[in-house]
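Work through the following exercises with the sequence and the coordinates open beside you. Each task is followed by a solution that proceeds step by step.

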Amino acid sequence: MRGLFDADAYAFSALSLPYLVVTAGVFALVVYLLFTRGHPIIRVALLAGATCGLVFCAGQTAALCCVDPEVAVRLYRIAVAPVSFVGPVAFALTLSVGNRLHHHRLLLAVAIAAASVTAALTLGTDLVIQDVRDQTAKLGETEFQAAVRTTPALRKLFPALLIPSRELDGLIALGVKAK
């Protein structure tokens, strides 16, 4: 297994291009929020939400460009972990806009604590991202190994979903490498 910071563990993938574009846009938003003046609590809440989005987009981009399945799954978990903080950030933003933050500090602290526990579970266990597994496929003489995650819940919610195609049975590959 290669490390997260090994340059050999990554190769450009066209699948990562949309995430790369969104990452650049969210990065521009974070930089804008860093240098904008305004109400400090609102700025911090917006900056925290944008930073969660930046980590998600950058992690997805890196996971889709990774050629080592184990590293790709680790990157995927790192990308998904901060998503749990979006709820408390939106809650803090709503309370600060309504000038009610000081009345609900304890409830906000509980929401942040719950998000922290969820993020820790996402990073450290298979409880949150449990449907990621290794799969191999043979194409000609070359055998490919990939970490895939299934998306049956999307199929149940959206039966007319065209992407990914039915032939893929909802498999999304992360970290494809040839053996």
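**Exercise 1.** In which helix is Leu-17 found, and is Leu-17 buried, partly exposed or exposed?

Solution. The model is a predicted one. Leu-17 belongs to helix H1, which runs over residues 17–34. The relative accessibility of Leu-17 is 42%, and since partly exposed lies between the limits of 20% and 50%, Leu-17 counts as partly exposed. Leu-17 also contributes, together with Phe-12, Leu-20 and Val-21, to a nonpolar surface patch of about 410 Å².

**Exercise 2.** Determine which residues of H1 are buried, and where they lie around the axis.

Solution. The buried residues of H1 are Thr-23, Val-26, Val-30 and Leu-33. They lie on the same side of H1, because the arc that they cover around the axis is only 85°. The general reason is that an α-helix has 3.6 residues a turn, so residues three or four places apart point the same way. The partner against which these buried residues of H1 pack is helix H2 (40–65), whereas the exposed residues Val-21 and Tyr-32 sit on the face of H1 turned away from the buried side.

**Exercise 3.** Describe the chain as a whole, beginning with its secondary structure.

Solution. The protein chain has six helices and three strands, which follow one another along the sequence as α-α-α-α-α-β-β-α-β. Of its 179 residues, 31% count as buried. The exposed area of the protein chain is about 11,100 Å², of which carbon and sulfur atoms supply 69%.

Note on methods: Residues numbered from 1 in each chain as written. Predicted model: local features only at pLDDT ≥ 70, side-chain atom pairs only at ≥ 80, totals over all residues. Heavy atoms only, no water. Patch = residues over 30% accessible without salt bridge, like charges linked within 9 Å, V, L, I, M, F, W, Y side chains within 5 Å. Areas by Shrake-Rupley, 256 points an atom, 1.4 Å probe, with all protein chains shown as cover. Salt bridge = Lys/Arg side-chain N within 4 Å of Asp/Glu carboxyl O. Helix = DSSP H or I, 4+ residues; strand = E, 2+ residues; numbered from the N terminus. Buried < 20%, exposed > 50% of the residue type's maximum accessible area, 1.4 Å probe, protein only. Arc of directions from axis to C-beta. Contact = heavy atoms within 4.5 Å.
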